[in-house]
Amino acid sequence: METKSRILLIDDEEVVIDSCSQILAGGPYEIASASDGTAGLRLVSEFHPDLVFVDLKMPGISGFEVLEKIREMDSTIVMVVITGFATVSSAVEAMKNGAYDFLPKPFTPDEFRMITRRGLDKRRLVLETIALRREKEMLREQFAAIVSHELKSPLSAVQQNLFVLADELSGLINEEQMKRIERMKTNINDLIQLILTWLRVLSVDVNKIRENFKPTSVASVLTKAIETVQPHAVRKDIELVSSIHEPLGSVNGDEGTLVEVVVNILGNGIKYSRAGGEISIRAEKTAGEVLIAVSDRGVGISKEDLPHIFHDFYTGKADRAGEQSSGIGLAIARRIVEAHDGSITVESELGKGSTFVIHLPSLKEQSNSEPHTDLEMAHS
Amino acid sequence: MNVQKRLIIIDDDPDFVGGIKSILERAEYQVDTAYNPKDGFQALQARRYDLLLLDIMMGRGAEGIALARKIRKDPKLREMPVLIITSVREQIAFLFPGQAVHPNFVDVDELVEKPVEPKLLLEKVSALIKAAEEKHLQPQ
């Protein structure tokens, strides 16, 4: 048997409630009604409606207040406001405040039925979306647990025993045989690293990163990232040129993962630059945000690859002169930046190079630091 | 006066335990093993050990953590150094919902990741035992 959709009508005009109830009578609905906001809100918590019709003009607490309270109680409940023609502008206002639709008075039975159906469809979609999201999250967690336990553990045990064998057999077997064991160790290590990479993708949990957020100096993030990649740059004879406009101030974030983002982008720049090239790092504070731009003059990214480079496991179709890539670095970078309420974008031209730009919202300076105007003057 | 040190490994993966045990025995340690936290705790109460090598993910979840906490509360066992050997890295710890598997949640002495190079394992083991002995000799 199909469960009935629950509809709550909150209106001080008895005639409206009566006619609405009559229009829906016989349908797959359960209907409850209240003649003022306070009684309506009580019914929201007792009756658990799928859809609520709220009259905007009622004695007692206002329709707007009712909308706000319902949204606080359960944001998945679909709300429709009932309003006279003269107050269409307030209906628009109500929709800005979370109402899904509005029903102008006077209305025909067909209009009311249609809006009811639309509202209930919306409710179904909202609930389905939530269920799907939860399922996806569970799959992700379970997959991670499976990868880590079922794949990595046996491989670790094999590797552990190879370590022991190599130890025990040293001196007893010839060089050729020892080399064979070494190759096995290398291969298994590669597999373990691959599994760890996968786990890393699955484990960048936005909410968990956020738990460790604290005021973090952007300059310090950049310095640490540059220090990390400097040896790779030197090895490939690539110059890192930075122009950092102090003060950059702070962002609310996690230093470790932010450094990881910048290292990743600089690392890509180095990887895909020709020997002798140059990578520029520009950073500045603008109104309300910090901008970090990393430009290289490397091989660039083709138009068809460009929309996908921030996706998991995307390694690109273009041949990149034997450069190995797991295709997850940028996906993780994007997720980390987004966890910081920031954004990451890229512009690139094949053969000319790429520019990655990160925007992060600035942390409001403490009152004891320089006033805002001074900061802006420093830039002009 | 080099008395042989006695260690215990608590880990539910017999293959892994075999590998670790053999490394330690070659280094002249006496090694006992237990394949679940319950047997492990019983063994710990039956005799004195110089060091415990403990796995985190056992049985239905992070049972190693629970055992480590129990050990820290036990006045007789509290002083025993613990080396956690785990394949659960810090950053994936939260992937096991509802289970505290973060290594910092428990006051352990050291943590190494599986698989562990024999040399590294032996260094950690001897350093932990030495540190525990020195602590013991200091007047309270």
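**Reading charges, rings and chain contacts**

Q: Which ring does the charged end of B:K70 sit over, and how far is it from the centre?
A: A charge counts as sitting over a ring if NZ of Lys or CZ of Arg is within 6 Å of the ring centre and within 35 degrees of the ring normal. Here the charged end of B:K70 lies over the ring of B:F41, 4.2 Å from its centre. B:K114 does likewise with B:F16, at 4.3 Å from the ring centre.

Q: Before we go on, what am I looking at?
A: It's a predicted model, where local features need pLDDT of at least 70 and side-chain atom pairs count only at pLDDT 80 or more, while totals for chains, interfaces and linings use all residues. Residues are numbered from 1 along each chain as its sequence is written, chains are lettered from A and ligands numbered from 1 in the order in which they are written, and side-chain values use heavy atoms, leaving out hydrogens and water.

Q: How many helices and strands does each chain have?
A: Helices (H or I, at least four residues) and strands (E, at least two) are DSSP runs, counted from the N terminus. Chain A has eleven helices and twelve strands. Chain B has four helices and five strands, running β-α-β-α-β-α-β-β-α along the sequence.

Q: And what share of each chain is buried?
A: Buried is under 20% relative accessible area, exposed is over 50%, and partly exposed is in between, with a 1.4 Å probe and protein chains only. By that rule 41% of the 380 residues of chain A are buried, and 49% of the 140 residues in chain B.

Q: What makes a salt bridge, and how many are there?
A: Side chains of opposite charge can pair when their charged atoms come close. The cut-off is a side-chain nitrogen of Lys or Arg within 4 Å of a carboxyl oxygen of Asp or Glu. Over all chains the structure holds 24. One of them joins A:D55 to A:K105, with the closest N and O atoms 3.9 Å apart. A:D55 is in strand β3 of chain A and A:K105 in strand β5, so this pair ties together parts that are 50 residues apart in sequence. Both ends are buried: A:D55 has a relative accessible area of 3%, and A:K105 has 18%.

Q: Which salt bridge crosses between chains?
A: Try A:K152 and B:E113, whose closest N and O atoms are 4.0 Å apart. That pair crosses from helix α5 of chain A to strand β5 of chain B. A:K152 is buried at 0% relative accessibility, whereas B:E113 is partly exposed at 30%.

Q: What does chain B offer on its own?
A: B:E79 pairs with B:K135, the closest N and O atoms being 4.0 Å apart. B:E79 lies in the loop between α3 (63-73) and β4 (82-86), and B:K135 in helix α4, so the pair ties together parts of chain B that are 56 residues apart in sequence. Both residues are exposed. Back in chain A, salt bridges that share partners make one network of A:E13, A:D55 and A:K105.

Q: How many aromatic pairs are there, and how do I read their geometry?
A: Rings of Phe, Tyr and Trp (its six-membered ring) pair if their centres lie within 6.5 Å; planes under 30 degrees apart are stacked, over 60 edge-to-face, and the rest tilted. There are three pairs over all chains. A:F310 and A:F356 make an edge-to-face one, 6.3 Å centre to centre with 90 degrees between the planes. A:F310 sits in the loop between β10 (289-296) and α10 (329-339) of chain A, and A:F356 in strand β12 (residues 353-361), so the pair ties together parts that are 46 residues apart in sequence. Both count as buried, A:F310 at 10% relative accessibility and A:F356 at 6%. Ring pairs also link A:F53, A:F107 and A:F112 into a cluster.

Q: Which peptide bonds are cis?
A: Look at the bond from A:K105 to A:P106, with omega near -5 degrees, and the one from B:K114 to B:P115, with omega near -10 degrees. A:P106 is in the loop between β5 (101-105) and α5 (109-169) of chain A. B:P115 is in the loop between β5 (110-113) and α4 (118-137) of chain B.

Q: Where does phi turn positive in a residue other than glycine?
A: Check A:H48, with phi near 50 degrees, and A:D237, near 55 degrees. A:H48 is in the loop between α2 (37-47) and β3 (51-55) of chain A, and is partly exposed at 49% relative accessible area. A:D237 is in the loop between α8 (218-235) and β7 (239-244) of chain A, and is exposed at 53%.
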